[in-house]
Amino acid sequence: MENCLFCKIARGHLPSRKVFEDDEIFAFHDINPARPVHLLVIPKRHITSLATVTDADAPVLGKMLAIAGRLASEQGSPDGFRLIINSGRIGHQEVQHLHAHIVGGPDPVGPMLKRV
Ligand code: AMP
Ligand code: ZN
């Protein structure tokens with residue numbers, strides 16, 4: 001994807017504060033953190049959204065989930081964290097390259113959602 005921000009970050013064509021990388025996934029600090037710990041984990045291969053994944057994407061999705069606890073712990077959230085994947089219009093996804101937010105820190109992140 002030529003003009004995809006997170007494809008560029010995953011390839012090192014744009015700067016990021018990387019915390020982990022392997023052949024399939026890349027993790028870095030969110031540029032505008034909502035909590036003391038706020039990481040993003042992305043597949044290196046362009047996948048637009050969790051709303052449109054297929055069975056073929058399951059292994060890389062599994063990897064993203066499997067590494068989350070380790071990264072949260074290493075980056076300052078050893079007592080748990082929240083993983084958020086905003087998906088599509090209703091999920092308020094702003095960057096159209098699948099990404100999991102890992103948020104946490106020393107204090108609890110609070111209730112999951114504001115009730116309507
Ligand atoms: P979402 O609303 O789930 O699509 O979240 C997009 C996230 O990407 C936001 O939390 C942004 O702060 C973050 N973001 C946007 N541009 C960058 C960037 N260049 N480096 C790191 N994080 C970014
Ligand atoms: Zn992309």
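This tour moves from an aromatic cluster to a histidine that touches one of its members.

The model is predicted, so local features need pLDDT of at least 70 and side-chain atom pairs count only at pLDDT 80 or more, while totals for chains, interfaces and linings use all residues. Residues are numbered from 1 along each chain as its sequence is written, chains are lettered from A and ligands numbered from 1 in the order in which they are written, and side-chain values use heavy atoms, with hydrogens and water left out.

Begin by selecting Phe-6, Phe-26 and Phe-28, which form one aromatic cluster; rings of Phe, Tyr and Trp (its six-membered ring) pair if their centres lie within 6.5 Å, and planes under 30 degrees apart count as stacked, over 60 as edge-to-face and the rest as tilted. A search of the whole structure finds 2 aromatic pairs. Phe-6 and Phe-28 make an edge-to-face pair, 5.4 Å centre to centre with 80° between the planes. Because Phe-6 lies in helix 1 (residues 5–10) and Phe-28 in strand 2 (residues 25–29), this pair ties together parts 22 residues apart in sequence; helices (H or I, at least four residues) and strands (E, at least two) are DSSP runs, numbered from the N terminus.

Add Phe-26, whose ring centre is 5.9 Å from that of Phe-28 with the planes at 55°, so that pair is tilted.

Next, select His-99, in the loop between strand 4 (82–84) and strand 5 (100–104). Its side chain reaches the backbone oxygen of His-97 at 2.7 Å, and among the residues that His-99 touches (heavy atoms within 4.5 Å), not counting those up to four places away in sequence, is Phe-6.

Technical notes: Polar contact = N/O pair within 3.5 Å; in protein donor to acceptor, adjacent residues only side chain to side chain.
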